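Student: I would like to go through the ligand site and the terms used for it. Please set each value against its definition.

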Amino acid sequence: MSEIEVIKNEIEQHIADVQDTKVLDDIRVAALGKKGQITELLKTLGTMPLEERIEFGKKINAIKAEIEASIVAKKQELEVKMLNERLKKEVIDVTLPCRPETQGRIHPVSKVYEEIVAIFAEMGFEIAEGPDIEDQFHNFNALNMPPNHPARQMQDTFYINDDTSHDFDMDCAYVVRTHTSGVQIRTMEKKHPPIRIIAPGRTYRSDYDATHTPMFHQVEGLVIDKKTTMADLRGCLYDFLKSFFEVDTLPVRYRPSYFPFTEPSAEMDIGCLKTKDELKIGAGTDWLEVLGCGMVHPNVLKAGGIDPNEYQGFAFGMGIDRLAMLKYGIPDLRTFFESDIRWIKNYGFTPLDFSSMTSGLSNNGGLAR
Ligand code: DAH
């Protein structure tokens, strides 16, 4: 056997033995790299007499091609082997049940928040946001509640003393927002109609009992267009509440009310049955108040930079926590914020209970447990 055949056999043997792509690459470099064995042999061609050069050149190029082919084949073989090993190791038994030891729970407020967003998103609403620390212009004045307006006393406001102003009823003083209605103004400042938004978020009032906590959650809604009417408001809120409570029929009624930022204003009630130990929504002879609403007051449109002669709209506001209490039968609001692990285990939702209009909102049939 000639010297180059010995070299070739040696290299082929190494290729056959190798079990790892990294080592295979080292072998490739040692044979075919810039200073590889075969490359070095090719370099000697130039020093050979013509006859010999032709003969040797053919041979060495054939060997080179064979080695290259062996390396490619081996590389493929190793890759397939590695992939099969990985697939074997990482196999997942999809028939196994969910891990029963999962500890985390989704808070009912987060759950209801997601449900509300899912329903309104389906109706084409966008989500809008505003700051928790709000100036009095957005929280009051622009909502048709100028300083000393009696409606300001309806909300037990937490004022933020900026130390320079002791007149808390002035525009310059900040408050922690008493409602999400200020986001109506912030939205009008940024967007031209048509507007169709909801603004869920935290709100604050100095109040504390079974149905009031100093921090609570609201969702605001605002729709503005050229021909938006009270009929649109009614259709929208009826569809929302029916989807939210996951019932086929839902008696509703609107009672005339007063809010400075809407005219006319109404409060909306839903039909229910209250018994000693159950609250059934969607049937019965009792009524439950669920939200405030109305047609946006022309002064509010003006404050938001929108011409009330050209546009009109409706707005609504409701308590997210209150909706959670009603839907999931939770009697005391204060327990929502006590961080009691036993409470969240009882009232919380597993992280896999994803809310969507197509796969189901609450995944528990909807009504109070
Ligand atoms: N901001 C009101 C509150 O906190 C709720 C409300 C009522 C919002 C009527 C509205 C509305 O947008 O039209 O009690």
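**The ligand and its pocket**

Tutor: The largest pocket holds the ligand. This is a predicted model, in which local features need pLDDT of at least 70 and side-chain atom pairs pLDDT 80 or more, while totals for chains, interfaces and linings use all residues. Residues are numbered from 1 along each chain as its sequence is written, and side-chain values use heavy atoms, without hydrogens and water.

Student: What makes the ligand count as sitting in the largest pocket?

Tutor: A molecule sits in a pocket if more than half of its atoms lie within 2 Å of the pocket's grid points. The ligand sits in the largest pocket, so more than half of its atoms pass that test.

Student: Which residues come nearest the ligand?

Tutor: His-179, Ser-181, Arg-205, Gln-218 and Glu-220 come nearest, of 15 residues around the ligand. A residue is near if one of its heavy atoms lies within 4 Å.

Student: Why is the pair between Glu-220 and the ligand called a polar contact?

Tutor: A polar contact is a pair of N or O atoms within 3.5 Å. A side-chain N or O atom of Glu-220 is 2.5 Å from a ligand oxygen, so the pair qualifies. For Arg-205, the distance from a side-chain N or O atom to a ligand oxygen is 2.7 Å. A polar side-chain atom of His-179 is 3.0 Å from a ligand nitrogen. Both pairs therefore qualify too.

Definitions and conventions: A polar contact is a pair of N or O atoms within 3.5 Å; within protein, one must be able to donate a hydrogen and the other to accept it, and residues adjacent in sequence count only if both atoms are side-chain atoms. On a 1 Å grid over the protein atoms alone, a cavity is a set of points where a 1.4 Å probe fits but cannot get out, and a pocket is an open set with protein on both sides within 12 Å along at least five of seven lines; lining residues have an atom within 4 Å of a point.
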